[in-house]
Amino acid sequence: MRLSVALLFLAGWLVNIRTYAQRVSFSVEHTTLEKELSLLEVLGHCIITRNGNHTQFHDLSVTVVNATIEEALEQCIRDLPFNFEVTDSLGIKYISLRRYRWTRLKGHVYSTENEPLEDVSVQILPTPNGVMTNADGCFRLSNLTDTVLLVISGVNIETQYVRPEGRRTMDITVKKKARNLTAHTVIFDNGYNPVKASTAPPGSWFQLRRPALDRIPAIDPTSILRAQGSSIMLGTGTKNSLHMAIRGMSTLNAVQEPLVVLDNFPYTGDLRDINLNDIESITILKDPVASSIWGARSGNGVLIYTSRKGGGKGPHLAFVTNTAITVKPDLGYQPLLRPGDDTFLEKLFFQRHFYDAALLDASHPAVPPVVIVLDQLQRGLITQEKADELIKEYGQHSIQKDLSKYFYQTAVWQQYHLSMSSGSTVRNDYFSLGYDVDPTNLRRNNFERITIQGSNNWKWLSGKLQLCTQGHFSKIVMHDNNSGNLPVNYTYAQLAGPSGEAMPVNYRYNPEYTSTQGGGHLRDWSFRPLQELNLADNSTRITDYHGQISIRYSILPGLSAEGMYRWMKGEQIVRNRYDKDGFYVRDLTNLFTQLNTPDFSTAIPAGDIMDKAVTINTSENMRGQLSYNHPGGFSGIRYVINAGADRSQQTMHNESMRYYGYNPNRGTNILVDPITVYTDIMGMPRQIPMNQNYQDLYVRYLSFFANMDVTLKGKYTVYMSAKKDGTNIIGVDARKRWWPFWALGLGYDATKKSRDTLVFPHILKGRLSIGCNGNIGSRTGYLVTQSLVPNNYGDAQSGISNPPDGGLTWERSYMLNAGLDYGVWRDSLSPQGRLQGSIECFTRWGRGLLGNDTLAPSSGLTGFFGNTATMDGWGFDVVLNTENIRGRFGWTSSLLLTYASDKVTNYRFVPSSAAGYTQFNTPKQGRPLSSLFSYRSAGLDPTYGDPQGYKGNDISKDYNSIVNAKGDTGIIYSGNYQPKIFGGMTNTFTWKRWSLSSLMEFKAFFVFRRPSMNYYAMVSGSESGNADYHNSWRTPGDEKRTTVPSPPLTNDRDRSTFYAYSQSTITRGDYVRLQDVRLAYEFSGNVTGKAPAWRMTAYFAINNMGIIWRANKNGIDPNAFNYGEMPAPKSYITGLRIEF
Amino acid sequence: MKQYLTFFLMPLLFCSCLKYLDINSNPALAIPNTVQGYRELIDNDLITNNNTPGLGHLGSDDYMLTTATWKNTETIPKNAYIWNPDIFGNEEVLSWSNPYEVVYYCNVVLDGLPHLKVYDTASQAEYNAVLGTAMFVRAFQFYALQETFGQPWRPSSADRDLGIPLRLAPDPHQQVGRSSVQKVYDRILLDAKSSIALLPAAVQFAHRNRPCKPAAYALISRAYLSMQQYDSAKVYTDSCLLYYDKLVDYNELNLSANRPFPIGGNDEVLYQCTAVNFKAQYLPSSEVDTGLYTSYADNDLRKTVFFRLTATGGHYFRGQYSGKVYLFSGLAMDELYLTRAECYARLGRIDDAMNDLNTLLARRWKTGTFQLYTATTSDEALQQILMERRKETLFRETRWADLRRLNQDAHYSVHLRRVVNDSIYTLMPDNPRYAYPIPKEEVRLSGIEQNPR
């Protein structure tokens, strides 16, 4: 004490001291805390007891002016980890100064709506350190002093500053930004139980959200997934009809497409009824853990469409309009034989008598005009000069030119969509109206769609009771009067005469026959494509409506019960009217004309013929579930348990009817006699064709499920799911009708959460999942009999048309998935990291797949279709998103790449001949499901230009025995027709309010079979001649440069078949395509400063830009290589999106 | 309270779940759920009554082929004619798969029918008839298969010799190996005996594709005969004859008709059935064995009823009880009389034996020309009876079974001999080729043991 007084005076001369009772003023610089305290004791007549080390604080400066002791002391210890307590005793102040310990802080960040906020940055000023909140909105800090200032900031919230002031725990409430349309919390929606992405089960999934959904407008809500959805492949473009596949194939004969779920329940309607503008997100569930809840029907993966709901404050309006100009497709893409060559070949083949059979056939089939001319010449009906002249003239016409001129057009597609959403704490609403009209590239076709969607969400009892209702209505009207193709295959057909009149083509009958038959009593029997186009009246109307209601009640904190119900009805009416002047009616009328009756009566009533088919698809879904959500708090175990049951019924009703003598003005029709067998004009027995069908189908599903998701300390996650599914369509044996499906997932979050260095800028999470999902085919397990004509004893008898299979059950699809989610260089603007994505490996194995089986003959069955096949597969997915440049000029990229391969491991059926593999794609054990098999080719014969194959190991031209060779000896595997690698890359550049983005798509490791010159098919009229002919073998030596055979000397079907399915027509399919480019400019309310805030995006895009690189040298787009197909034409789109 | 209510309501919502899935997914698919549905299946006569193997006859001595005919004939009859070790080549073996398809139909009926509930007596009778039919038909086909592909019944080794696979359930994936000959016969007898109680007593005159009680007795006697258990065979023949004993008097037949017997079955037919057909069974070029033809007396009407002259001077068989060109393989009364006569003879009751034989033959000879057959010893009786059996039941597939049985007794054994293409083929009594080979496809897929050839 004495020492301190001495020190005080020592310092005193530096200090200007003025004393008032109980109030002090002083100013010191570069001193220690101890000195300050001593000064205060002297000046303030107080006693300060010091607890804790305080000698370390040097170089302090303080200025106090006329302050109380307390105020002065506060000034002295500002920013230092001390507090004090004052006690007054007999006029003397005893001050106990205590040092804090270095603190730890655990906090939660909530929104004003009391929901925990994730990925909010908590930065400790003045240091650069900070942490991010986890899914519970929780963060932890250590080594704090209470002097620090915390900055709470995030993409979606208003920045807030908070002082911890020495507290150990705190809840911070922040305001969400009033509206932020670009960034949303990512919700993992598995269709049952939406949760925040960070608390999703450790499965494999990918979500497509805005703005990706808005890139390019589309009618079909799946086309948006092309190159933008991870692991999903659309339209393989090969002979398989497969439309979509997630991670390759998992089944041979069951449903091959992913299950589509729209808002909680499987969607059974027409996908085009879903308006993409009403969709909030599309989630692709790739592995059994993500899709566990769909068990039995999710073997091919699941697509979840989540529709937009109301939200935010106040009513918001959004208006979208798009106009797309789709250019006329280039018909020249089709590799057709040049008309001049076509006439030449027909002449050649006529001389070789290939057409003799057709010319002599009693049914008088159509033959090309050149053949008719040559036939007339041969019979001396016309002169050589006339024939030459006619043939020369034919060679001038081009079917492609005429088709393009009269059948195709440039189309302008328009889309309008208006939506309104509003929200408050007790109620959210959404309502939208959409209208699309697309006249399509084909003349006289049209597509129109109206969609209406609405949803409400009410909350009562302070949010404990929630009621959601949702309604949807859509109507599609399509006119389909033009197929874009002609039923004739000579390439010099002429559609219109010089003055534009419709010209006849040689279709179905030989015109020589039709023009002479009936002695003038028949109706005109010629087929004029242009007239047919104008008379066609085919329409399809699809009406779809569904309503959904769900109630959720929180029984206890964390425990809630939920019940939901959806009713859905889709009605499709297809109406095809054959005009009385159209070929179909004229043809039938003529065929049924009775030549031997005095009045040449016909059995077909005068008037139109109308076909009508109605399909009504009704489905009803119901679900009840209980869920318990234990939030876990700071250090505890967070867990979620769900359990419930689900039942659904789908009823499909089909009926079709035909009306003869239909009068569209009066709506009347005339009955015909469909039973009498008439003798037609060619003397063949014929009944009046009817088109009657009536069918009902019922499919029911019932399932029970439970799952549990446990997270330990936010680091370890265990997910378990079990499900039992049953259906009425399989399982005579009630035990086989039910099947358990399960999934197990493990997650580990290796992201370093250090207490010392407060920021670790990377994310690293591992996932491992395994499980079993199912698939189902159309096979029934019941004994089905078919009635036959009475037996020899006059008794009713029947045969077994479907052998019973008590063992028939679900196909099982197992998958093991290992994934790694990474994020590097994360900060508050990129909470997932500036370089971020995932890498996943999977292996899958299908068991009990439906397949054909060869059975021991003693079983009594020659073949059997049951759960006999197995298939294995494996692959990997890469997702990589990067923020390359940030700032006024920004550049982000996103890459999706998937590798998926499969192999049929057990398939017992072996076709009787090689054609079973080459032409009919029978699965082969040890090869991929989508294999192409070919006849081994030995090039062309150098003398005749004939294709050569192998018989055993010898080169052979015995086409018949090669084509019909037993088993698989004569064939080789030529590759896979499904791309093994596929994906897409998006690049987006932004500058001020401009943004430019492009989407690239690639597919690799696949082959396709290119159509080539098939002489037999050309002669039979089933195919046009192919431009490959121009490259065919002409003279010896040509075999070195070409594989296209010479025109045959005999009309040998097997020769053409052999070449068409030989190695020579296998073509590599790999390609890189620039799918689209989009330039957008964004206006917003801030520019003008007007209230309320508004935003407008205007954009211009070009879709289907074209192929950048392809592996084939034939100029073929592997998405359109089949006979008659054309690549999707370019379209120029302008669009506007206005939001208030 | 409200909260607990929810818990209780949830399961209620989903109760009766099993019933929920019981709905038929497509009403257009006829899933048999009535007795009538199963009746229609078993009444499919193209399956049920048309498919005994038909191979035995091809190896028998009932017919002969000229070298030219033989050369042009189909693979299977061609090989069977000369008892080639390989019979089937690469051909599909309908003689194996078709009988088993019948077995499959029977198994489907036997499997499905018991699930039905029957409420009134009329439908109970129909139910019994259908169930009995399926049992009978299965036993009938098993017998036919056994006598073609199984080893012959040898009393000393029947429990070791390999018979045929006994498919007893419709599950096509069931692995079924070959049963012993003993087991096969046990099953045939069990099924046939079980069917007796269920089948109608009267011969189904208008529906001879449907079996009746006498037919079941006849089948059992046929089986016991093959098992050389003559006393049992006699007992069941007796039972059959108690129900029905009618014989056709050949004098009343219209001999000018192409086929003297009606398609629906004549009065002797208890159960109508034909064999899997091969052209070699019925084309006129398959001539009746000359020795056999000449063994008929001129006054024996069978000589005219059964045969027709071919263009080349031989004779072909036209006396099928099927009424069609196809081989009759069903059950008929004449066989019953012959069986009982043989049993009596073997049991030493010579008078009874000759009485049965004469009852039959009296209706085979021209009226007034028949003289009673007599015998003094069992052997003498047996010789005559077996000769008449051969002459009466030719072209019926039974000859092969008879050969397999009779050959075991040196006294009655037969040496078969063919001359084709200047080569002579013989089949000695103890030759293993009396059992046809199992089709290769069957051996490959079910791994069952092949017959030694």
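**Burial, salt bridges and strand pairing**

Trainee: Why does Arg302(B) count as buried?

Mentor: In this predicted model, Arg302(B) has a relative accessibility of 0%. Buried means under 20%, so Arg302(B) qualifies.

Trainee: What makes the contact between Arg302(B) and Asp300(B) a salt bridge?

Mentor: Their side chains meet at 2.9 Å, N to O. The cut-off is within 4 Å, so the pair meets it. Asp300(B) is buried too, at 1% relative accessible area. Both residues belong to a network of salt bridges that includes Glu268(B) and Arg364(B).

Trainee: Why is Arg346(B) called partly exposed?

Mentor: Its relative accessible area is 27%, and partly exposed lies between the 20% and 50% limits. Its salt-bridge partner, Glu342(B), is buried at 0%. The closest N and O atoms of this pair are 3.0 Å apart, and both residues lie in helix H16 of chain B, about one turn of the helix apart.

Trainee: Why can you say that Glu1001(A) and Arg226(A) tie together parts far apart in sequence?

Mentor: They form a salt bridge at 3.6 Å. Glu1001(A) lies in strand E51 and Arg226(A) in the loop between E16 and E17 of chain A, so the parts they tie together are 775 residues apart in sequence.

Trainee: How do you know that strands E35 and E36 of chain A pair?

Mentor: Pairing needs at least two bridges, and these strands have 12, in the antiparallel sense. E35(A) and E36(A) form a hairpin with three residues between them. E36(A) is also joined to E37 of chain A, by 11 bridges.

How values were computed
Residues are numbered from 1 along each chain as its sequence is written. Chains are lettered from A and ligands numbered from 1 in the order in which they are written. This is a predicted model: local features need pLDDT of at least 70, side-chain atom pairs count only at pLDDT 80 or more; totals for chains, interfaces and linings use all residues. Side-chain values use heavy atoms; hydrogens and water are left out. Helices (H or I, at least four residues) and strands (E, at least two) are DSSP runs, numbered from the N terminus. Buried means under 20% relative accessible area, exposed over 50%, partly exposed in between (1.4 Å probe, protein chains only).
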